[in-house]
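Good morning, colleagues. Please look at the sequence and the model on the screen, and I shall then go through the ligand sites, the helix packing and some backbone details.

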Amino acid sequence: MWRLAVAFLLFGTLQAVDRQNFKVCDQSGFCKRHRSIVEPTGYEVIKDSIKLNETGLHAKIKNKDNTLKLSIVVLKDSTVRVLIDEDEGALRPRYQPLDALVNREPEQQKLKKSKEEENATKLLTTDGNRVVLIHKPFRIDFYVKDKIVNSINSKGTLKFEQFKKKVLLTDKEKGFWEETFKEIKDTKPYGSSSVGVDIAFVGAKFVFGIPEHAEGYQLRDTRTYEPYRLYNLDVFEYETNSPMALYGSIPYLVGVNQKRSVGALWLNAAETWVEIEPTTADKGALAKEVLDAETKPRNVPQQNARFISESGVIDIFITLGPQPNDIFRQLAALTGVTPIPPEFALGYHQSRWNYKDQKDVKEVHEGFVKNDIPLDVLWLDIEHTDKKAYFTFDKDNFAKPEEMISDLAENNRKLVTIVDPHIKKDGKYHIYKEAKKNKLFVKDVNGDNYEGNCWPGDSMYVDYTNPKARKWWAEQFAFDKYKGTDKNVHIWNDMNEPSVFSGPEITMHKDAKHHGGFEHRDVHNVYGFYQHSATFDGLKARSNNEIRPFVLSRSFFAGSQRTAAVWTGDNKADWNHLRYSIPMLLSLSTAGLPFVGADVGGFFGDPEEELLVRWYQAGAFQPFFRGHSHQDTKRREPWLFNSTTTDAIRQAIKTRYAFLPYWYTLFYEHAKSGKPVMRPFWLEFIEDESSWDEDRQWMVGSGLLVKPVQEPSAKEVSIYLPGKRQVWYDWHTHKARPSPGAVQIPADLNTIALFHRGGTIIPKTSEVKLTTKENREQPITLYIAVNQKGDFANGTIYLDDGESYSYENGDFAYWGFTFKKEHDYLHTITSTNLDKKGKLDSDVYIDKIVIRGAKFYPRNAHIFLDDFIPEDLEFEFNRDNFLMEIENPGAYVTREFKIDIHS
Ligand SMILES: *[C@@H]1O[C@H](CO)[C@@H](O)[C@H](O)[C@H]1NC(C)=O
Ligand SMILES: *[C@@H]1O[C@H](CO)[C@@H](O)[C@H](O)[C@H]1NC(C)=O
Ligand SMILES: *[C@@H]1O[C@H](CO)[C@@H](O)[C@H](O)[C@H]1NC(C)=O
Ligand SMILES: *[C@@H]1O[C@H](CO)[C@@H](O)[C@H](O)[C@H]1NC(C)=O
């Protein structure tokens, strides 16, 4: 009862989630033990153990209980890795989720210099950074250009529970050797092996990251509250504004500072809790280090993050920035990027649990045509299978899947089917039989196949941590194995936390056994990652590596972006869930996972029509755009409402398709730079601190600011325009506004506040078609937003075939457009090939150019194509709002041109 009362107080009012199913820190033995440390744990470096080499050092550290080994290695591009593990002679090896990294051994960089002092060892890097290992008490400080930016163990919380031989239990040790939660026992045969330490972000007022939580973008002070929990869980109707764990985990956060931002990746796949403590530098051990002529320590903000994991090692990657672009590139070098998705995946997806049968599928997809609403993909949830046996179709309702798929394909549409990791226990089911025979299932603590309950009833779970199981899994997607499918079928991996209805916290027992002798507790957060990676490999292989796969996963880990898109799971049809989808997607984007979305309309419950419209408007500007709903909800295909609602939804989806050339270009640029497509403001406006924690608005790329309406009956929208001395144009009215500043615009049911940033050029489809495939052939309108000085704007466009890997062999085009004031009487617009390796010559042409902020009076304009003979252009000029529109300039997107505008 006491515990109930506390949990109640901690989280505020109860919503639908059954919170009692999930632990708070106090109910998790290791979290509680770490959190109750008050005195520093007293580690120091054993001095004569320090061995320096060309790229770093290794050493031993000890306190009264333990001796540990430490290595500090400098990596390429201002990144430093710190690894702390048990000393030689450990009873068991510890798990490291190294497959989350692009390279299991990230490239090292030679040191410029190293220096041994009485109480410190200093490493100077060729990037101009400095790493200082302080011997006593043990601490590691990081400096960028002589400013301290980060420190590990400055609070002395390092705790490392070593594997021990089991001895007679004292009461005190009880939680160490076994634990019970809601009558389910964790036998802990090897005892506790938790690890934890603090990481200080010096100079950072804000920290962002560590998805997934239904929380605001800015991480909050957790000291008087619960720490953020990272433990992949299937949480039914999750609540918003809560640090509770959800479906996926990326143990990465970034401390933001105007001059020096810093990221930290905690590479550990076990259950992890993260404590955040906002403070100032004078309050801790680092006060002396920040002291200099200009700043007083008490004016230096600091965020102490503390990571606590149930098992594994301490493996920290510090990325030293210093600028936001650098931070994203450095993270991408570690955990990778999303390769350019197949273009259809950026269109609109229609899903439901469930479309009943082939007739239903046909009616829905034809409904989109009939109602003039774009659609690229139809989704089939679990009921399409033969009694929840994945890789099969129901024999009655989906008797002829080939017909259904080719009907969709003839209309340039795709099908996505669901394939979950729990395998129906059924001696007649081929997948079950093969996995069992080949010993590919997770084992329980006794070494038998682990059994749990999920959709099919009794089920077993593929052990994707086993490379053999991944290979086998990938093979199941071959067209001759997954009968009825072809290249137009892509895959959805759900329930892969994994969800076990009969398990503790609705997941797998922690003492279950995986490949290599590891326990489930060691690998839990990387389980889903391995499933969707294997799915991706299978889809790629089934087409001889020719077609780009699309995989959606609910569970994820660091590195998931390389093979999956993710969505925010089972949200609810209420305004709050619409509102919180924004910070959730921004946190994912910040942690390196760009292809993200939330179920439009909300999964549970029936949205009122206005909410549904607003959600479509938000989803149209989020990377992954899918309507989905629970089987108990009313049908909600867009035409089932009154015509005002249907019109507004159609308009939102069409707006998405109109901006597809821009979206596609942004995904290409993400793959090169690591920058997300849906962007938090600090990435674009580091000079404007007041905008950094904004989470009701976002940027799409660097050119487009979006604010959807997020509350009922709105008569207007207020927008904050970030940046310093910039100009913004209302997308629809072209009206210019200075920044920083707030504006209000009137709102009706069709309003999505959109602002075009001065200095950028955005390509947009002039006339939208009903699928991405047809849309991509359409002419483009170039929207030029002239900068505040009135002399410049630029932008890009990327094109390829939208589905294959031929872009790797030069079958692509990446072009730039520049608007420039040459002198008072001449402005030009030019195009340039930005990557000469791209050989694609496309038929796509520009049928209109819109110049916003044209602060000149054009007299005439002409275009030069490759024959250098000027041709006169027709244009209109509106001097009231400085708008110039050039019709049919005759320019192609992938050919050089120059337009002169004389004034
Ligand atoms: C330097 O030592 C560290 C820690 O043992 C090791 O990881 C790294 O590979 C070594 N570097 C070289 C160049 O041998
Ligand atoms: C080592 O340096 C740290 C940080 O400057 C200081 O707090 C500590 O007292 C020093 N220890 C010794 C033994 O000099
Ligand atoms: C249609 O739905 C909208 C909300 O999307 C609502 O505002 C309007 O009143 C409805 N119109 C009719 C005629 O019911
Ligand atoms: C666009 O202009 C900005 C500002 O001059 C520049 O930093 C950027 O590299 C340009 N982009 C391209 C693709 O040329």
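Which atom of ligand 1 does a polar side-chain atom of Thr55 lie 2.8 Å from? The partner is a nitrogen atom of the ligand. I call this a polar contact, meaning a pair of N or O atoms within 3.5 Å; within protein, one must be able to donate a hydrogen and the other to accept it, and residues adjacent in sequence count only if both atoms are side-chain atoms.

Before continuing, some conventions. This is a predicted model, in which local features need pLDDT of at least 70 and side-chain atom pairs count only at pLDDT 80 or more, whereas totals for chains, interfaces and linings use all residues. Residues are numbered from 1 along each chain as its sequence is written, chains are lettered from A and ligands numbered from 1 in the order in which they are written, and side-chain values use heavy atoms, with hydrogens and water left out.

Let me complete the site of ligand 1. Its surroundings consist of Asn53, Thr55, Leu57, His58, Ser71, Val73 and Gln108, where a residue counts as near if one of its heavy atoms lies within 4 Å. By class, that shell holds two nonpolar, five polar and no charged residues. For the classes, Ala, Val, Leu, Ile, Met, Phe, Trp, Tyr, Cys and Pro count as nonpolar, Asp, Glu, Lys and Arg as charged, and the others, Gly among them, as polar. In the side chain of Asn53, an N or O atom is 2.4 Å from an oxygen atom of ligand 1. For the side chain of Gln108, the corresponding distance to a ligand oxygen atom is 3.1 Å. Ligand 1 taken alone exposes 360 Å², of which the protein buries 59%. Such accessible areas come from the Shrake-Rupley method with a 1.4 Å probe; for residues, only the protein chains shown count as cover. Two or more residues of the shell come from each of strand E3 (56-62) and strand E4 (67-75). Helices (H or I, at least four residues) and strands (E, at least two) are DSSP runs, numbered from the N terminus.

I turn to ligand 2. Asn119, Ile134, Lys136, Arg139 and Lys288 surround ligand 2, and this shell comprises one nonpolar, one polar and three charged residues. A polar side-chain atom of Asn119 is 2.2 Å from an oxygen atom of the ligand. Lys136 takes part through its backbone, with an N or O atom 2.8 Å from a nitrogen atom of ligand 2. On its own ligand 2 exposes 360 Å², and the protein buries 48% of that.

Lys136 also appears in a backbone feature: its peptide bond to Pro137 is cis, with omega near -5°. Pro137 sits in the loop between strand E8 (129-134) and strand E9 (139-144). Another cis peptide bond joins Gly321 and Pro322, with omega about 10°. Pro322 belongs to the loop between strand E21 (314-319) and helix H5 (324-335).

Next, ligand 3, whose neighbours are Glu609, Glu610, Asn642, Thr645 and Leu749. Oxygen atoms of ligand 3 lie 2.5 Å from a side-chain N or O atom of Asn642, 2.7 Å from a polar side-chain atom of Thr645 and 3.3 Å from one of Glu609. The protein covers 42% of the 370 Å² that ligand 3 has accessible on its own.

Glu609 and Thr645 lead us to the helix packing. H13 and helix H14 (residues 643-658) pack with axes 8 Å apart at an angle of about 10°. Axes are lines fitted to C-alpha atoms, for helices over the stretch in contact, and angles run from 0 to 180 degrees between N-to-C directions. H13 is therefore roughly parallel to H14, a term for angles under 35 degrees. Among the residues in contact (heavy atoms within 4.5 Å) are Glu609 of H13 and Thr645 of H14. This contact has seven nonpolar, three polar and two charged residues.

On H13 (residues 609-619) there is also a contact with helix H12 (residues 575-590), the axes coming within 10 Å and crossing at roughly 10°. Trp575, His577 and Leu578 of H12 meet Glu610, Leu611, Arg614, Trp615 and Ala618 of H13.

Finally, Ile506 has a positive phi of about 60° although it is not a glycine. Ile506 lies in the loop between strand E28 (489-493) and helix H10 (520-523).

Methods
Parallel < 35°, antiparallel > 145°, perpendicular 65-115°, else oblique.
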